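This report looks at how the chains of a structure fit together. It then looks at how strands are arranged inside one of them.

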There are 4 protein chains.
Amino acid sequence: MSELLGVAVLGAGHMGTDHIRRIDQVVSGARVAAVADPDTGRAKDAVAGIDGASVHTEVPAALDAPGVQAVLIASPGPAHEEALLAAFERGLPVLCEKPLVPESAGALRVVEAEARLGRRLAQVGFMRRYDAEYQRLKSLLDGGRLGRPLMLHCTHRNVSSPPGFTSAMLVNSSVSHEIDAARWLLGQELTAVTVLRPRPSSNAPESLLDPQFVVFETADGALVDVEVFVNCGFGYQVRCEAVCESGSARIGDEHAMVVTTAGGANEEVAQDYLVRFADAYDREVQAWVDATRAGRVTGPSVWDGYAASAVAEAGVRALENGGRVTVELAPRPDLYA
Amino acid sequence: MSELLGVAVLGAGHMGTDHIRRIDQVVSGARVAAVADPDTGRAKDAVAGIDGASVHTEVPAALDAPGVQAVLIASPGPAHEEALLAAFERGLPVLCEKPLVPESAGALRVVEAEARLGRRLAQVGFMRRYDAEYQRLKSLLDGGRLGRPLMLHCTHRNVSSPPGFTSAMLVNSSVSHEIDAARWLLGQELTAVTVLRPRPSSNAPESLLDPQFVVFETADGALVDVEVFVNCGFGYQVRCEAVCESGSARIGDEHAMVVTTAGGANEEVAQDYLVRFADAYDREVQAWVDATRAGRVTGPSVWDGYAASAVAEAGVRALENGGRVTVELAPRPDLYA
Amino acid sequence: MSELLGVAVLGAGHMGTDHIRRIDQVVSGARVAAVADPDTGRAKDAVAGIDGASVHTEVPAALDAPGVQAVLIASPGPAHEEALLAAFERGLPVLCEKPLVPESAGALRVVEAEARLGRRLAQVGFMRRYDAEYQRLKSLLDGGRLGRPLMLHCTHRNVSSPPGFTSAMLVNSSVSHEIDAARWLLGQELTAVTVLRPRPSSNAPESLLDPQFVVFETADGALVDVEVFVNCGFGYQVRCEAVCESGSARIGDEHAMVVTTAGGANEEVAQDYLVRFADAYDREVQAWVDATRAGRVTGPSVWDGYAASAVAEAGVRALENGGRVTVELAPRPDLYA
Amino acid sequence: MSELLGVAVLGAGHMGTDHIRRIDQVVSGARVAAVADPDTGRAKDAVAGIDGASVHTEVPAALDAPGVQAVLIASPGPAHEEALLAAFERGLPVLCEKPLVPESAGALRVVEAEARLGRRLAQVGFMRRYDAEYQRLKSLLDGGRLGRPLMLHCTHRNVSSPPGFTSAMLVNSSVSHEIDAARWLLGQELTAVTVLRPRPSSNAPESLLDPQFVVFETADGALVDVEVFVNCGFGYQVRCEAVCESGSARIGDEHAMVVTTAGGANEEVAQDYLVRFADAYDREVQAWVDATRAGRVTGPSVWDGYAASAVAEAGVRALENGGRVTVELAPRPDLYA
């Protein structure tokens, strides 16, 4: 196929701008056909130099613009539900950045809407599934050589948290990546969650509970523990060790280049998720474009987005109340069987 | 000083025999003066070829044998209390293998007995404090460069458990090493414990809850988590990562030799604690001999032994009952301030 | 720009087919406009399912086909000179797989032809310059933090050599990558070469001198040593350590995932250069497409291709004659200053 | 055996003092019986607090002192020959620090003297044979799993060279360790040597050729290359990679503790050979004491010491003259078959 897929990008902030660049310059087979953002100036800036990309302030206008064949949602989370439903109405394939919808109730409405359509239209932006190391780990676990997984030990560290980051966001924004990765790697739902709270780092903003140590239980009796520490000071570090009946496997250590100087033997630590997962984002969007052009929908489903929201909500309750909180999920529609 | 320290070794089993060899052949400044074991045959075998080592079935006879100036207790745990008190009566310095005394009530009686003496006579055999990697980590944490420790992530894996190993022993025998190491590294008491139980590995003996995931809280609000997995199948693996306010530090990965063959790049994993901690045992006994000859008592105290027992008992209750169990310690005598 | 760059791919063998897939499916902004291969069947197979790609047996016909705006040469080395000159005649930008031209005399004719044009049209396919690890190393060396480079220690290993691989090809095919990488990393010409020949591995085909140990000297007095071993049996392994006045830096160890089983702690070794350098090939072609669409020529020049040929020829003489052979280069045209 | 081996230590400089401490405090089964040093003051300081150690200015007096049963030679190299011959006359077992004798002619006289005795009395202090990593590598190579060794790639780096260190000493002092290690690991003699000289580091003292790159050939056609760089600035780093027909093995990377801070993930590099090889020295002397008390002589022989001297001399000629120099060895006496 030589015609390029026309994509409407909703949201021209940090993430939206990065996706616009990706579609224009990196990914094969797609072009930016329209952009929507309430701030017209930043929408215009984001598509400067791109031929044929129209600029809009309202989502419906962007979806209805000439040449639009698919939608990439990169607007703030609260705007996702309305955008997804609008895309569904028009039968447009969607790649929706995480979270699918911030509240699990809204996420469930999206699940139900897509289930009513009777076919998948949306993919959720859990990009770790497209990271080469995660894919190797998934492949190893699925191959069965290590036997049944018993535990996942996860680390999720950021240099520092952005202004306004709350204790709950450690769970429902940061850890949501581990929630999806664990569900995907293990192929099972998370059923309960406990949040342990060490005394906060003095480098964290006042009143922010950072770090936290979150422990999930799975339907099959495995444990998933996550150290989340968003003011660790030194870098963006995402690691995962799977402990199985016949061995363990670990990803995420730094190793690309070892520099030895008077300070010792040193390996650089990535400072940013856009650096660490740059290739994963590229592969994610390429895979979405390829599938869409072939008339298929693959990747993480809205059910995955809903489940992540529901687990994250249970996690926030566990953080606030102490103790163990069970996760309640709605029945899974056949579409996502 | 050129006279050798005469040591009575109590117990001629696996550990006792290893210590007899160590005193005879490895350590400078000491000799085996007496051995006691109910099984005379194995006591005789253990000192074959060693001049001047007398053999006994009873502990008091060994302690009173000619040339005995110090005692190394390597008998089974239930015999420790009586042996310690007998050594105290005679004013003999002691190196007592862990556990100090299996029940914390008995350990407390030893604490009280030594406190009544008004001076330290006993050192407890927590040999990790003498491991080069642990010592580097301790030195790094004490130096303050990384700031206050917030979490310790620990791994303790064995190839397979010996016959008769119970679910409680994962906590009070295996994890007791992490209990002491955490108290020592952090310089504070452990105040509460929770034991999480994933579905057991199918490679574990029936009814053994293996692995377990144990989470301790400390007086200063730090968390210590321990994966203990005594039928992991592949080796003896002890790791520790300290997460601090300004950085993290990790010890225990395999690295001595990388062999690359058609199977990939491979590093050997130690199969046994006597291999992994061989140097630590040597340093521990050498340090004890040196201090004893100099008239001093250093190293882990009976208070450390008592505290480890008390925390382990709380851990076993947490394992059996579920939920979080607080640790109750007796007041700390001034001798151990 | 939204119009796609029309590329004529010359050669539909292993490498050509891979580049056709890359242009069609991976790279942004280009399309396959024509393919030339003496074997029409395999040319047709290579473009099956690609709209608008014409198939040719002769190079000129492919270059003159409708929509062709640039040329990617992936035919066997002996066909390169003629193809390059044909592209130059038509003013078409070229990406030419290595070697530029197998004999340095022919490579020099290409240099002279482009110099006569007075502007660069061709880029040579030394893809290591696009590998993330090599780029980090280059950036570190250029930054000057480690001081002047004194030595490069390089390793180049393949699982096994293809049929017909000769002792000379270890130098002029395999090591040619290190020749270019060293020139690029150090920013200076290689001036002499010595080839040391250990007794061959019994796993190498009879009469193949494998491994070899090649030592280059540079204009600035640095040394570059290369272990080339094309029947190492275990994998494709490319490593480079730069030893500088104030430190060293090493790339190329395996580290993506550590799997610990009863065999030890294991890291997978890539089996193939298309796996190890997959991302580098993608970035290389993307960079070429981007530059070409912007009317620029970047990347390794035909001078780089010529210099690599001349050094490789000296290396083959050193292999055959023993001893040290100096490298003679023609004067460098101003175009490549 | 409970009587301690009485050792005369010749030389009370840096190395001698360290060995006196080792015999007194670390090693089991030995004691310092006498010390000889022309500087009486420093000899007295070295044995302060050690009972029963007599102090001498002359070697014969020390060897004849009461209680002396064995000799450890740690005096400067030029004094070794006379001391060795004096020990041989008295039938005293010897541990002689490297070099056995600086000139190979003198080393050969020692070989001939011991051969006339008809039994081994001396062990040479090549302590790398007692390093745990080297022993693992030796064991792996001897086991045959990797097939025949084809190449050894060695690195030998020091922070900075002591005053008076000459270009020749890089070969005959620093690289002499690799000479012995290569002979021992490969079980064959080195037959030729070439020394390549990159432009010196600007951090090296003026006129010192540092680094050097030394290439040895072995009797079986293997290659051994050594980067020796004694003003590398960052640490003491000794590495060795054995490349064999069916795989490779590497020792010597830093790995004991990984510290991650804002500067990246860091591993400490040892600054000194007494730190890096502390355990090897301990094991070496313990092994010598054990063998001596058992009436045996093991470890590197005077033949090994002679061969190392002869290879080092050829290396110095290669450094001075350029080109390849063959190594000439005297016939090997049956005693060392």
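The sections below go from strands and sheet to domains and then to contacts between chains.

## The model

This is a predicted model. Features described for single residues and strands therefore rest on a confidence cut-off, a pLDDT of at least 70.

## The parallel sheet of chain D

In chain D, six strands make up an open sheet with parallel pairing, and their order is β3-β2-β1-β4-β5-β6. Two of these strands, β3 (54-56) and β6 of chain D, are the edges, and each of them pairs on one side only. From one strand to the next, the twist averages 25°.

Strand β1 of chain D covers residues 5-10 and is joined in parallel to β4(D) by four bridges. Within this pair, D:Ala8 is found opposite D:Val71 of β4(D). On to the next pair: β4 of chain D (residues 70-73) and β5(D) are parallel and share three bridges. Here D:Val71 appears again, opposite D:Val94 in β5(D). The chain gets from β4(D) to β5(D) by way of helix α4 (residues 80-90) of chain D, and this β-α-β crossover is right-handed.

## Strand β5 of chain D and its other neighbour

Are the residues of strand β5 of chain D buried or exposed? D:Val94 and D:Cys96 point to one side of the strand, which spans residues 94-97, while D:Leu95 and D:Glu97 point the other way. All of them are buried.

Strand β5(D) is also joined to β6 of chain D (residues 122-125), with four bridges between the two parallel strands. D:Val94 has D:Ala122 of β6(D) opposite it. Helix α5 (residues 104-117) of chain D carries the chain across from β5(D) to β6(D), in a β-α-β crossover that is right-handed.

## Two domains in chain A

Chain A is divided into two domains, and each is listed as two stretches of residues. Domain 1 takes 5-128 and 279-300, and domain 2 takes 142-273 and 308-328. Taken over C-alpha atoms, the centres of the two domains of chain A are 27 Å apart.

Where they touch, domain 1 of chain A contributes ten residues and domain 2 of chain A contributes eight residues. The side belonging to domain 1 has six nonpolar residues, one polar residue and three charged residues.

## A hairpin in chain B that reaches chain D

In chain B, strand β11 (residues 237-244) runs antiparallel to β12(B), and five bridges join them. B:Ala242 is opposite B:Ala249 of β12(B). The two strands form a hairpin, with two residues between them. Strand β12 of chain B (residues 247-251) is mostly covered, as four of its five residues are buried.

Which strand of chain D does β12(B) pair with? The partner is β13(D), which runs antiparallel to β12(B) and is joined to it by four bridges. In this pair B:Ala249 lies opposite D:Val259 of β13(D). B:Ala249 thus has a place in both pairings, opposite B:Ala242 and opposite D:Val259.

A further pairing links the two chains: β13 of chain B (residues 257-261) and β12(D) are antiparallel, with four bridges. B:Met257 faces D:Ile251 of β12(D) in this pairing.

## The contact between chains D and B

How many residues does each chain bring to this contact? Chain D brings 30 residues and chain B brings 29 residues. On the side of chain D, at least two residues come from each of α1 (14-26), α6 (132-143), β12 (247-251) and β13 (257-261). Sorted by class, that side has 13 nonpolar, ten polar and seven charged residues.

## The contact between chains A and C

Chains A and C also touch, through 29 residues of chain A and 28 residues of chain C. In chain A, the elements α1 (14-26), α6 (132-143), β12 (247-251) and β13 (257-261) each give at least two residues to the side that touches chain C. That side consists of 13 nonpolar, ten polar and six charged residues.

Strands pair across this contact too. β13(A) is antiparallel to β12 of chain C (residues 247-251), with four bridges between them. The bridge partner of A:Met257 in β12(C) is C:Ile251.

Technical notes: Residues are numbered from 1 along each chain as its sequence is written. Chains are lettered from A and ligands numbered from 1 in the order in which they are written. This is a predicted model: local features need pLDDT of at least 70, side-chain atom pairs count only at pLDDT 80 or more; totals for chains, interfaces and linings use all residues. Two residues are in contact if their C-beta atoms, placed from the backbone, lie within 7 Å. Ala, Val, Leu, Ile, Met, Phe, Trp, Tyr, Cys and Pro count as nonpolar, Asp, Glu, Lys and Arg as charged, and the others, Gly among them, as polar. Two strands pair if DSSP finds at least two bridges between them. A residue is buried if 20 or more other C-beta atoms lie within 10 Å of its own, exposed if 12 or fewer, and partly exposed in between; C-beta atoms are placed from the backbone. A crossover is right-handed if, with the strands pointing away from the viewer, the path from the first strand over the helix to the second runs clockwise. Axes are lines fitted to C-alpha atoms, for helices over the stretch in contact, and angles run from 0 to 180 degrees between N-to-C directions. Domain bounds come from an automatic or database domain assignment.
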